[in-house]
Amino acid sequence: ERKTTSDQHKSLQSQINPHFLLNILQTIYALSLEKSDKSPEVILQLSEILKYTLYETEQPRIGLDKEIQQIQNYVEMYRYRVDPERTVIKLIIEGDPEELLIAPMLLIPFIENTFKHGLQGEAGNSFIRIEIKILSKGLEFSTRNSTGAANQLQADERKGIGIENTKQRLELLYPGRHTLKTGKEGNEYVVNLKLELKD
């Protein structure tokens, strides 16, 4: 049974990584079309993310600081692509991650999802807000973004590989040690995750 759970976890994780990299490559492609002078910097960030996905994600747990660094890289890459007058992006991190470990690539799919839908809002009213509050034994993680058409949002969520797999990974890896709430609040889409990382 233990082997089955491990194999299931690896299968779920292997589906998330290519999805994550595809979005990054699309960002670099957009910058190259614009002949942006930011392209070399973004390619360097991509190399850091590739190293992370190739070498760190084979481990069952990695330092929370490493996961947060990849979130920061991902957000910065999107800043290059997004018009700041159209979309406001905020990333807030509180607390010290040094003593905590987390399953790799666990939070990234939520970040991808909030960018995917947050960029569909009306010009000037589009926003993305990501907060990570690090506690002594775990974390509180939330994303909040403006939404496009509600029906499209719900359809995308039903077929979204990354989010569904992350929910399954949470159940496999942190049973009874997390609470996850997702859904619409008015014209916003919200994710709230409380995760216990240390006994």
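What follows is a short exchange about a predicted model.

Biologist: What kind of model is this, and how are residues numbered?
Modeller: The model is predicted: local features need pLDDT of at least 70, side-chain atom pairs count only at pLDDT 80 or more, and totals for chains, interfaces and linings use all residues. Side-chain values use heavy atoms, with hydrogens and water left out, and residues are numbered along each chain as its sequence is written, from 1.

Biologist: How many helices and strands does the chain have?
Modeller: Helices (H or I, at least four residues) and strands (E, at least two) are DSSP runs, numbered from the N terminus. Along the sequence they follow the pattern α-α-β-α-β-β-α-β-β-α-α-β-β. The count is 6 helices and 7 strands.

Biologist: Which strands are the edge strands of the open sheet?
Modeller: Two strands pair if DSSP finds at least two bridges between them. The sheet has 5 strands, with mixed pairing, in the order S2-S4-S5-S7-S6. Pairing on one side only marks the edge strands, S2 (87–94) and S6 (178–185).

Biologist: In which sense do S2 and S4 pair?
Modeller: Strands of a sheet pair through backbone hydrogen bonds, either parallel or antiparallel. Ile-93 stands opposite Ile-132 in S4. S2 and S4 (residues 126–134) share 8 bridges, and their sense is parallel.

Biologist: At about what angle does helix H4 run to S5?
Modeller: Axes are lines fitted to C-alpha atoms, for helices over the stretch in contact (heavy atoms within 4.5 Å). Angles run from 0 to 180 degrees between N-to-C directions. H4 (residues 108–118) lies across S2, S4, S5, S6 and S7, and its angle to S5 is about 15°.

Biologist: How many residues of H4 are buried?
Modeller: Buried means under 20% relative accessible area, exposed over 50%, partly exposed in between (1.4 Å probe, protein chains only). Among the buried residues of H4 are Phe-110, Glu-112 and His-117. H4 is mostly covered, and the count is 10 of its 11 residues.

Biologist: Is Arg-144, which meets Glu-188 in a salt bridge, buried or partly exposed?
Modeller: A salt bridge is a side-chain nitrogen of Lys or Arg within 4 Å of a carboxyl oxygen of Asp or Glu. Arg-144 and Glu-188 meet at 2.6 Å, N to O. The pair links S5 and S7, 44 residues apart. With a relative accessible area of 27%, Arg-144 is partly exposed.

Biologist: Which residue forms a salt bridge with Glu-48?
Modeller: Glu-48 lies in helix H2 (residues 39–56), and its partner sits 3 residues away, about one turn of the helix. The closest N and O atoms are 3.2 Å apart, and the partner is Lys-51.
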